[in-house]
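Here are a few short exercises to work through with the model open. Grab your viewer and try each task before reading its solution.

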Amino acid sequence: MFDPITSALIASSPPLAGLDLDALPKKLTEAFTDIVAARIRLRGVQGEAASAELATVLAEVRRLAAAHEAFVALLPERENRRAAAFVAASAHQVCLLGEESKGERIASYVDGAGVASEVSATLLFLVAEAHADAAESAKRIRADRDESTPVERALLLAIKLLASGRLRDASRLPAPAIDLELESPELAVEALLLELLKGVRSIAARLMLRVDAAPGVGGIAPATEFFQRVKDLSVGRLDDILVLPEAIVTTPERCLMLMSMQPEAFADLGLIVFDECHLLHPRDAERSRRSVDAMLAVLNLTQLAPAADLLLLSAMMKNAEEIAEWASELTGRQCLALNLAWKPTRQVRGSVVYPAKRITELNGKLKAARDANPNHQNAPVAVKREMKAQPFGFFGLLQTWATKNRGDYTLLPLLPEEHSLSTGRSKGGRWYLTPNGNQTSATLAAAAASSGLKTLVFVQTIPLAEASARDFHRQLDAPTVTLSDSEAELYRLAAEEMGNASHCYLRLRADGAFVGGAASHHSLLLREERQLHEALFKREGGISVLFATSTLAQGMNLPSQVVIISGDSRFDPEVDKMAQLEAHELLNAAGRAGRAGEGSQGFVMVVPSRVVEFDDQSNLINAHWITLQSIFSQSDQCLVIDDPTTALLDKIHEGTVDHGMPAYLVSRLPLPADDGGDAPLRTLLSRSFAAFRARKRGDVEWIESRIASAFAAKKKLEPPEADHWLDRVSGLTGVSVETLREIGAVFDDPQRSVDTTVAVDALVAWLNEKPAKLLELVRPENVQGLFGGAYEKLATDDQRGRYALPVIEPMLKRWMAGEPLKKIEEAYPGGGDREKCEYSRHFVLRLVPDLAFLAGLPARILHARNAKDGIEAPIRSVLTTLSGSVREGCSGAECLAVRKNAGSSVSRVAARGLYDQIAQAIPAGTENEDFEATTDRVRSAWALLAFDDLDES
């Protein structure tokens, strides 16, 4: 099979005991022949015997490949390295043939456990300078999009392009961002793969250079730099090493955690970009931690990487000059404020109004009806039917509604006919007209959709979004939409997760088509539902209308030509009445009309929460329009960003430090210095935007008093000397040392970690003893969102915990048992929402991630304890996988391995079914094994069952 030159090359490979080099070309040829013959025989009655014979041949060839590959990797300077590479590559090729004959071929992979044979063969042939053979092997490289990560896929493609001679394409491959939600070992492997990708790109780029110049004079860094870095990092443990990619994309919360793990990893940052930096602005101080985490992330990053440039981006920032001055103080360098009136899109903005004469007539009829029916609570149906008026659009002709000059506006009819308004009743009993906003918005959306315009309608609540989408078919005879294969797959996955397609928000016909014309978009959609609804809206031939809550207004990039804002107010429970939406909320929603690169023009209509009448003869308009004008007269830069710590530091100064957001801020502040002083805390707080503003107004006393109060609160929480080893875990997680100590004590008894169910029960039992701790460990707003009503009236965290835990516990058990959401819903008091399972949706989407965080604390605590004691005692796999098991809804490590191995094309519910099928066949493992070993055991069981199925067939 091999020509004389190739045979001589093979024969010059490294001598190995028991291996006849002169006969090696024949041995490889014989192996190839045996495999081809076996493949023929496997089709006949001799299949089993041929399979056994083939296994023997493959085992010997694999040993040959491994031995020579090790020689190539470990002794790069040996002169016969090229021969060893050719032998190893040829052996891998033979193995590939054998795997294909046995039906074992799987997608290509490069991971922490090994490298696929086709990848090894390609690289080894390149080392052997057998370029044609390398190109041939490269054709077999194919990545599985569902099973591999973006970094792994990019690396495989780079190798394939390099071996195929497509150097320019290989050198220009982008480096994907690493998924920072991965578990630590997987995250470490991803970092190494990224370095390998950089090395392959470097090889391709350097091969295209005519002159081998040094990097400093126009050359390119040699690939060996990247490969040596991988070697260095691959020796020893990677658990505590954080390697940042070229560009890291993360949330403020995740960034804080990474900085706590290994702050020195951030020292070489060159640029810090904070997109949508208006998130720094405080929201409800008692509910959301996002703004506090964002501010702390900025303060810590600029301290850890003082040389890094800072870029703060927001289309809504009004006080850019002030923020720039603060940034200059933070970095010690000049910061420029860029305020642009220019936008990549142009919008026409208008308000729905009604002819004043017609509104006067309707008000008269309504008053007369009220006088005639003094005992009626609400207007009679017959009267309501008469409440009709034709809607007009009052549109500004300038970029903003900056003037009251009639010539700067135009009045246009929106519909050719009158449509129904509605009525309300004041506390004094008076009947009045209401705009019937959601119905009006849907009617206008139908008119826009019938003209082929993609339309977003913003409503105030999830029920309104769902009701509007559900009833939209009455407004428009929408065309039938046939789901694509990928869309149908998303729907199938969502239906499996819910337990039945009837619980999905999108309802399909029996033939799988959709005829509703509109879909919803809100925070209770499962991931697959959200992706499906967005896909249907984005594509040609899909739906034309999306009814959305404010979740979509926060930077979602969907191509819409028309935006309709249904209502400019929402109910405020604190004042028990409707309250005007803030300017940045309305303008942010309006900003979704027209998207750069999709459509440069956008059309915005506001349906006010009150009926606005307009007299075109006298140019008079309802006073409520003046309220809207005060908002839309502003540019998009309408939000004066504040520091979220300002109000919290005031509360801490007043003595509120034991609950809520003040307690959270204290937990996130730096610990006292080694000498017991306040230097770390003082440095952080004195650099804050709040302190900057205080200095500008000459209020140094405010800064000093707030630092002193915060430091006193932090000192009060300082643990005894014996617990100082928990300080780092506390800083990493934001959980108090006292709470961490209690959680650690729960698992001092090894019987509480014998399996996942027992460990979860132990955590829940501890919470039942200390119910107030629930609100420290999970976000309070997520617990409140599960209940509302009576829960909101409870006064203390202890009461709230006692109220919530009896509901959370059974829902968690059903989640981890792999049950669909409709079964989890049944655990909610009264059976919950039997139609769409909204309580279990909230539980899964909001509370489960928080509970997974709690479940990850025992392993963190034990790691820290072992480090304190200077030992490397193994931690039970039950605890190391507890967070993942809770997050993924799995009953244990083996179940979690099945879930991970099955990939994203299999739902959680279906993955549990797969686990139940193979559970008895999974070989026993050890209590301290790592997750990779658990996964290997699961794969072994899977393979055995697959062979059993083949035998039975």
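This is a predicted model.

**Exercise 1.** Work out whether Lys696 is buried or exposed, then find its salt-bridge partner.

*Solution.* Start with the surface: Lys696 has 53% relative accessibility, and exposed means over 50%, so Lys696 counts as exposed. Next, look for a carboxylate: the Lys696 side chain meets that of Glu325 in a salt bridge, 2.6 Å from N to O. Now place the two: Lys696 sits in helix H25 (residues 689-696) and Glu325 in helix H13 (residues 320-331), so this pair links distant parts of the chain, 371 residues apart. Finally, Glu325 comes out at 37% and is partly exposed.

**Exercise 2.** Take the salt bridges Asp798–Arg802 and Glu894–Arg937, and say where the partners of each sit.

*Solution.* Asp798 and Arg802 meet at 2.9 Å, N to O. They're four residues apart in helix H33 (residues 797-816), which means about one helical turn between them. Glu894 and Arg937 meet at 2.7 Å, N to O. Here Glu894 lies in helix H38 (residues 893-902) and Arg937 in helix H40 (residues 931-952), so the pair ties together parts 43 residues apart in sequence. As for burial, Glu894 is partly exposed at 22%, while Arg937, at 12%, is buried.

**Exercise 3.** Which way do the side chains of strand E13 point, and how does E13 connect to E14?

*Solution.* In E13 (residues 518-521), Ala518 and Ser520 point one way, Ala519 and His521 the other, and all are buried. Four bridges join E13 to E14 (residues 545-548), and the two strands run parallel. One pairing to check is Ser520 with Phe547. Add helix H19 (residues 527-538), and E13, H19 and E14 make a right-handed β-α-β unit.

Definitions and conventions
Residues numbered from 1 in each chain as written. Predicted model: local features only at pLDDT ≥ 70, side-chain atom pairs only at ≥ 80, totals over all residues. Heavy atoms only, no water. Buried < 20%, exposed > 50% of the residue type's maximum accessible area, 1.4 Å probe, protein only. Pairing = 2+ DSSP bridges. Right-handed = clockwise from strand over helix to strand, strands pointing away. Salt bridge = Lys/Arg side-chain N within 4 Å of Asp/Glu carboxyl O.
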